[in-house]
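Here are some short exercises to work through with the model open on your screen. Try each task yourself before you read the solution below it.

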Amino acid sequence: GIKDDLYGEIVGAYIASNTIKNIQKLKEEMKKVLTKHEIPTKIIIANDIPLNEAGKPDKKIIRSYLENA
């Protein structure tokens, strides 16, 4: 989760995609398969995912991006 002053934590998503252009449309699709509290409040769409030295997604950097979005 992403730290939030009002709720404590919120759901965030960092998505690597060259084809997704409309976040609202993406959220509408998510509503078909996720419950209300599972739908991300903050969504970042980027061309790639930042990786750490081991080649795995860098969770600290991703969390920082989402917290500052």
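**Exercise 1. Find E38 and decide whether E38 is buried, partly exposed or exposed.**

Solution. Before starting, keep in mind that this is a predicted model.
- Step 1: the relative accessibility of E38 is 39%.
- Step 2: buried means under 20% and exposed means over 50%, with partly exposed in between.
- Step 3: E38 therefore counts as partly exposed, because its relative accessibility is 39%.
- Step 4: to place E38 along the chain, look in the loop between α1 and β4.
- Step 5: now pick G12, which is 26 residues away from E38 in sequence; the two C-alpha atoms are 9.4 Å apart in space.

**Exercise 2. Describe the overall build of the protein chain: how many helices and strands does the chain have, and in what pattern do they follow?**

Solution.
- Step 1: count the elements, which gives 2 helices and 4 strands.
- Step 2: read along the sequence, and the pattern is β-β-β-α-β-α.
- Step 3: for the dimensions, the C-alpha trace spans about 35 × 30 × 20 Å along its principal axes.
- Step 4: turn to burial, where 26% of the 69 residues are buried.
- Step 5: consider contacts between residues at least 6 apart in sequence; 57% of these join residues at least 24 apart.
- Step 6: finish with the accessible surface, which comes to about 5,500 Å², with 51% of that area belonging to carbon and sulfur atoms.

**Exercise 3. Take stock of the charges, then find the salt bridges: how many are there?**

Solution.
- Step 1: the chain carries 12 positive and 10 negative side chains, and the centres of these two sets lie 3 Å apart.
- Step 2: recall that side chains of opposite charge can pair when their charged atoms come close.
- Step 3: the cut-off to apply is a Lys or Arg side-chain nitrogen within 4 Å of a carboxyl oxygen of Asp or Glu.
- Step 4: the count comes to 2 salt bridges.
- Step 5: one of them joins the side chains of E28 and K31, at 3.4 Å from N to O. Both residues lie in helix α1, 3 residues apart, or about one turn of the helix.
- Step 6: the side chains of E29 and K32 also meet in a salt bridge, at 3.1 Å from N to O.
- Step 7: check the accessibility of the partners. E28 is partly exposed, because its relative accessible area is 42%. E29 is partly exposed as well, with 43%, whereas K32 counts as exposed at 61%.
- Step 8: one more look at E28 shows that I39, 11 residues away in sequence, is 9.6 Å away in space, C-alpha to C-alpha.

**Exercise 4. K27 and D58 carry charges but have no salt bridge; which side chain of opposite charge is nearest to each?**

Solution.
- Step 1: start with K27, which sits in helix α1 (residues 23-31).
- Step 2: K27 is buried, and its nearest side chain of opposite charge is E28, 9.0 Å away.
- Step 3: list the neighbours of K27, leaving out residues up to four places away in sequence; K27 touches I39, P40, T41 and I43.
- Step 4: move on to D58, in the loop between β4 and α2.
- Step 5: D58 is also buried, and the nearest opposite charge is on K60, 6.9 Å away.
- Step 6: with residues up to four places away again left out, D58 touches P50, L51 and N52.

**Exercise 5. Which residues form a positive patch on the surface?**

Solution.
- Step 1: select K3, K56, K59 and R63, which together form the positive surface patch.
- Step 2: residues need over 30% relative accessible area and no salt bridge to belong to a patch.
- Step 3: test K56 against the area cut-off. K56 is exposed, because its relative accessible area is 55%.
- Step 4: place K56 in the loop between β4 (42-46) and α2 (59-67).

**Exercise 6. Locate S64 and find how far its C-alpha atom is from that of I2.**

Solution.
- Step 1: S64 is part of helix α2.
- Step 2: S64 is partly exposed, because its relative accessible area is 32%.
- Step 3: S64 and I2 are 62 residues apart along the chain, and their C-alpha atoms are separated by 8.9 Å.

Notes:
Residues are numbered from 1 along each chain as its sequence is written. This is a predicted model: local features need pLDDT of at least 70, side-chain atom pairs count only at pLDDT 80 or more; totals for chains, interfaces and linings use all residues. Side-chain values use heavy atoms; hydrogens and water are left out. Patches are made of residues with over 30% relative accessible area and no salt bridge: like charges are joined within 9 Å, nonpolar side chains (Val, Leu, Ile, Met, Phe, Trp, Tyr) within 5 Å. Accessible areas come from the Shrake-Rupley method with a 1.4 Å probe; for residues, only the protein chains shown count as cover. Lys and Arg count as positive and Asp and Glu as negative; His and the chain ends are not counted. The place of a charge is taken as NZ of Lys, CZ of Arg, CG of Asp or CD of Glu. Buried means under 20% relative accessible area, exposed over 50%, partly exposed in between (1.4 Å probe, protein chains only). Contact means heavy atoms within 4.5 Å.
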